[in-house]
Structure formats: C-alpha cells, structure tokens
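Dear colleague,

I am passing on to you the structure that follows, together with its sequence. Below it you will find my notes on how the strands are arranged, which I hope will help you on a first look.

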Amino acid sequence: MRRVVRQSKFRHVFGQAVKNDQCYDDIRVSRVTWDSSFCAVNPRFVAIIIEASGGGAFLVLPLHKTGRIDKSYPTVCGHTGPVLDIDWCPHNDQVIASGSEDCTVMVWQIPENGLTLSLTEPVVILEGHSKRVGIVAWHPTARNVLLSAGCDNAIIIWNVGTGEALINLDDMHSDMIYNVSWNRNGSLICTASKDKKVRVIDPRKQEIVAEKEKAHEGARPMRAIFLADGNVFTTGFSRMSERQLALWNPKNMQEPIALHEMDTSNGVLLPFYDPDTSIIYLCGKGDSSIRYFEITDESPYVHYLNTFSSKEPQRGMGYMPKRGLDVNKCEIARFFKLHERKCEPIIMTVPRKSDLFQDDLYPDTAGPEAALEAEEWFEGKNADPILISLKHGYIPGKNRDLKVVKKNILDSKPTANKKCDLINVPKKTTDMASVQNEAKLDEILKEIKSIKDTICNQDERISKLEQQMAKIAA
C-alpha cells in the first residue's frame, strides 16, 4: 500500500529572508554568554541587546528604521551591568522590561516614535534578586504583572504598577533556572532548571503541581514552554549529547507523550510557539537553520514540517506576535535573526493563490487589551486572552503611559491567601485619618506627575515645530 501523506495546510510553509536594504545593519550584538534570545519584537519596535562599555544597553528601533544604524543612535542604557534578557509588554507596545547582571529589573517607557535621546531613567526599578537576573516574562493576560528569575534560583512576580514584589518563589529550585513560561491564561508557570527537572508551578498557591526529574538526561541547558492545550513542550539533550524535543502531559509526567532525537549540534534550541496554528519553531543558538513542527492530537503528535536554512549562524532571535504580521501576504510568522553585526527579518508564509483574507490561517488572536488588572490576578482570578480579528490587519491604538504609584506597604489590605503576603509587613494598625491622608497625598502626586508629563510632551512638540519652522525659513 502506498503511504498516505498527512494532510496539513502548513506542509508547504516556506521561509524567506528579506532583501539587504530591509535589514538593520551595523549593530554590535551582545557577546554575553547567556542563552536568552537577545531580541524582542512587537508591531512597533525591534529591541536588540548590544555590546556596551561600562554597563548594559539595548537598542530600540522603530520597525521601519532599516538600513545602517548610526553608531551614535540613542540606546536604553540605565543598567550598570550587561543586559541579559528583554521582553515587551503584551498590553502596551511602548513598555519593555529588562533584566541584568546588576541584579535589577527595569521597566522602560519608549516614546511613541522611538528614541531621540538615550534613555537612562526607567519608569520603575525592581530590586529583590541577590544575583544576576537572566529571565523576564510578562503575564499574558493581567496588566502590569511581571515575572523575573535570577541566578539566585528565585522567581519573583511583581506588580509593576506599584513597584512591589508580591510573590517570591525562592525555595523551589535547587539550581539555576534556564527558562520560565506562562500558560495561556497565566494561572501556572513551567520552568526548566539545571538540576534536569521540569516543574509546573502554581505561583499564587506557591506549590509545585507537577514535576519530572531528568526530563532530558544530558547536562546542557533545557527549555520548557506551555502549549495552548496545557501540555508542556521541552527541548534538551540526551546522554549522548543529541538534541531532543519532547511533549509532556502535566497530569502524568512519568513518560513523555512524544520524544524525538534530532542531531548532535551543541547549540541550545530556543522554542517559539504559535498557539493559533499549533506550530513550534526551533531556533538553535549558533545554528543557521530554523526547524518547524506542527503539534496535533494524533500520533506521533509532533510532526516535522520543514527547515529554513541560511548561510550565517544566528546569535539570537526575535519573534513577532501575530498581530504584527502582514495578513495580505499569508505571513504566519516573522523572525528577527541576529548575526554578529546585523539583524535580518525572516518571513514565513503559506503559499495561497487567492488574495482574499485566509481565515483558516488567522483565527482570532490575542490582542493588546489586558483581560485582568494586576490586583484581580493576585486575588486569584484567571482570564483567557481577549481575542481580536486580523481580517483588516492590525492597527496599533494609542497606548496609555505606564504609571507607577508607590503604595505605603503598611496600608496593604490583608489578602485572603496569607502566603501572598510575601514582604513580611509589620502588622501595624494605622488610624483611619492617616490612611485618608495617604490616599490624598497619592492623588496629588499622581496629578503633579501627569501635569509634568504633559508639560514635557508639549516642550518636545514645541521644539519639533521650531525645528520645522527653522527648516522652512532656511
């Protein structure tokens, strides 16, 4: 009997690098020995961690600013040690978080049209780690909730809106954490660690829900990410140093649902997952290829689709969220590949004859609106992402500025879950009057800040108009 080829609309997905003039050239990509992707992308900007003398810095470029990037181009440079990881906020395209060797996490607000001057003042500095911070990851559905993980083997979850650490998981990992991934609604996280364990953790109850020892036998770094159906996908190495990928069900982690061996290269495989198409793209650090697989409910569950190959090895990789893609060209993924001195976009498309919108390729996808406020999530609520249609493309709306209101910790309400009261607050009872004064003061400070921001914006606008006038006059 002839073998029937499995039907899949993604069998012919092909990748194509853009032309040279659409690359970002002359960028000194960071040489730090750290296995993060060094690049973060959203529908407005591409951010790249770069070499910086005397501290840590990253570039933030508007997507259209291709070509050669001037050496004097402004950077985001507030860290005193090299930047190890960056992540754009999914609910505000102008807010980005960075983790650094200086043990801090900083959250930055990028001006709407990009940087005109180097940015040294973050909106908020989050201090709580005792060693370098190598991982930052925003909550997928709750506004202003940010997770950071450091080489002190601790995971801290912050309310960025108040600058407070609200959950501190510092006793769950006995060794270095390689990566952390939120599930679809942000109720659980999964981690891969140097002790070869993959853990599924409920951060609010502060308990390990599932755990697999020696998910991959090899000593080199692993990765673990959540899929939309709640399963966990991992990449790692076998005892013979072959690269592996595996699929696990957190309800029973004795045996993997699927386990595949790939090759003997030694680069760490960074997985990028698209929940809308169930495709996983694997980009090996130091490889010159991107392999992609479709995850389905039928055996062998992880189906190899194809490989995109190029000549140059990749130093890092950025992955565009779905709403930043060109739906008219049947583009289902866009990568930003970092070379030693440039960043090259790679476009993945499904060839179709029709020019009409292909709704089977673009089911409704996660939009930029947060489903929950930080406080609701910390109190125990969950919500799936708010979906948007891409039928007419995505038009970025106006982002509201990130405001940080430092609370008086003494006034914090006792939460239902005592474990959440991480910062051991002295149990003082403040009289009603002082609480009201505190609230009033907060209000006044907020108003002062908002007026100052307005003045700043107007100043910038005036100087721009004056420059235009001078040009016209000349």
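In this predicted model, strand E10, which covers residues 104-109, pairs with E11 in the antiparallel sense, and four bridges join the two. Within this pairing, Val-105 has Leu-126 of E11 standing opposite.

The two strands belong to an open sheet of four strands, whose order is E8-E9-E10-E11 and whose pairing is antiparallel. Strand E8 (83-88) and strand E11 (124-127) each have a single partner strand and stand at the edges, so one side of each is left without a neighbour in the sheet. Direction ignored, neighbouring strands of this sheet are turned against each other by 20 degrees on average.

As a general background, the strands of a sheet pair through backbone hydrogen bonds, and they may do so in a parallel or an antiparallel way.

There is also an open sheet of four strands with the order E3-E4-E5-E7, and here too the pairing is antiparallel. At its edges are strand E3 (39-41) and strand E7 (76-79), each of which pairs on one side only, while the twist from one strand to the next averages 20 degrees.

If you would like a place to begin in this sheet, which residue of E4 is the bridge partner of Cys-39? That partner is Ile-48, and the pairing of E3 with strand E4 (residues 45-50) runs in the antiparallel sense over three bridges.

With best wishes

Key:
Residues numbered from 1 in each chain as written. Predicted model: local features only at pLDDT ≥ 70, side-chain atom pairs only at ≥ 80, totals over all residues. Heavy atoms only, no water. Pairing = 2+ DSSP bridges. Axes fitted to C-alpha atoms, helices over the stretch in contact; angles between N-to-C directions.
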